[in-house]
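The following exercises concern a single protein model. Please examine the sequence and the structure before working through the solutions.

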Amino acid sequence: MLKVYGFPFLLAALISYIITPCIRVLAFKVHAIDRPDNRKVHKKIMPRLGGLAIYIAFMLGVIASMELTRDVIGIMIGGTIILVLGVMDDRYQLSAKIKLLGQIVAACVLIAFDIRIEWINNPFGGYFYLNYLSVPFTIFWIVSFINVVNLIDGLDGLAAGVGAISSITVLLVAAQMGYYQIAIMTAALTGGIIGFIRYNFSPAVIFMGDTGSMFIGYILGAISVFGAVKTTATIALIVPAIALGLPIIDTAFAIVRRYNNGQPIFQPDKGHLHHRLLAMGMNQRQAVLLMYGITAALGVGAVLWAEVNNFYAALMIAVIITAVAVIAKKIGVLGYK
C-alpha cells in the first residue's frame, strides 16, 4: 500500500516543493499580489498564485500514477476550470457573483461526466433517491466545499494545513477500504499541499490565493462525490465533510453573522475564528496550530467512524463540533461587527 500510494504523494510533494519558488517569481511578474489592508493580517505585499504549484503537482502525480478513466478526466477538467477561475481572481479580483458562476460551471462539469450524488443511505435500510434533486444537490455540495476552504484562508498556512489534514483523513479511509482511484488522487493532492506548505507556513513567502483554496476545496468535494458514486456508500461523503468540520462551522457562523449585520454573505470581515483567536492574543502560529489540532481530532473521529461506524466515534465528533461552536460563539465569532 505504501508503494502504491506513496509514489503519487512523494512525486507531487517534490514537484510542488521545487516549483513553488518559480510560481512566486511569476506572481510578482504578473502582479498577482495581495496588498495589506485593515482586514488582513499580513503587513507587506505578498505574492499569490501558490495554488498553481499544488495544481501542477496534483495533475502530474495523478497522470503518472493511475489510469485516466472518464471519471478521473472529468475531475481533472473541472479542477482546471476552477484553477483558471482562481488565477483570474488572484490577478484581477473578480466579483463574488462571477466567482460563484465559475464555481457552478466547474461543478456542472462533474455532472456532465455522470459524477453526481444520486442517492443517500437510509440509516434504517435502503437508500433515499434524490431523482430531480440530484443535480442541484451535487452543485450545492461542490460549491460548498470550494467556499469553506476558501473562507478559512486567512492566516499563513491555515487553509493549506487544514486541507492537508483533511486529505490525509480521506486517504487513510480510502486506502483501508480499497478505493484505489480515490486514494491515488487524494495522495497526489496531499503531496502537492505538503510540498507547498514549506513556503506558506508562518512567516509565509507566498500565499496559495483563491487559486489554491478553491482548487483544494473543489478536489476534496469532487473526490467525495466520486467516492459515493463508485461505492454506493454515504460514508464517502461523510468522511471529508467531517474532516472539514472546522471551516464548515466557521463558514456557517460567518453566514449568520453577516446576515444579522445586514452585510452581503460574501463580504469579507474580521469575524472568523482565526481572527478572534488573534484578537485574544495568540500569534499566527499558535492560532494555526490550534486549528490544525482541532482538524486532526475531527480527522481521527472520521477515520474511526469509517472503520467501526459506532456510537462512540459519532459521539466524539459531536462533542468536538459542539465544543468548537460554543467556544467560537463565546469569543465573538457570531457577534462580531
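**Exercise 1.** Determine whether Ser16 is buried or exposed, and describe its surroundings.

*Solution.* Step 1: Ser16 has a relative accessible area of 0% and is therefore buried (buried means under 20% relative accessible area, exposed over 50%, partly exposed in between, with a 1.4 Å probe and protein chains only). This is a predicted model, in which local features need pLDDT of at least 70, side-chain atom pairs count only at pLDDT 80 or more, and totals for chains, interfaces and linings use all residues. Residues are numbered from 1 along each chain as its sequence is written, and side-chain values use heavy atoms, without hydrogens and water.

Step 2: Ser16 is located in helix H1, residues 2-29 (helices are DSSP runs of H or I with at least four residues, strands are runs of E with at least two, numbered from the N terminus).

Step 3: Leaving aside residues up to four places away in sequence, Ser16 touches Ala53, Ile54, Ala57, Gly192, Gly195 and Phe196 (contact means heavy atoms within 4.5 Å).

Step 4: A polar atom of the Ser16 side chain lies 3.1 Å from the backbone nitrogen of Phe196.

**Exercise 2.** Characterise the overall fold dimensions of the protein.

*Solution.* Step 1: The protein contains 13 helices and four strands. Its radius of gyration, taken over C-alpha atoms, is 19 Å, close to the 20 Å that the globule rule gives for 337 residues, so the protein is as compact as a globular protein of that length (the rule is 2.2 Å times the number of residues to the power 0.38).

Step 2: The C-alpha trace spans about 50 × 45 × 35 Å along its principal axes.

Step 3: Of the 337 residues, 55% count as buried.

How values were computed: A polar contact is a pair of N or O atoms within 3.5 Å; within protein, one must be able to donate a hydrogen and the other to accept it, and residues adjacent in sequence count only if both atoms are side-chain atoms.
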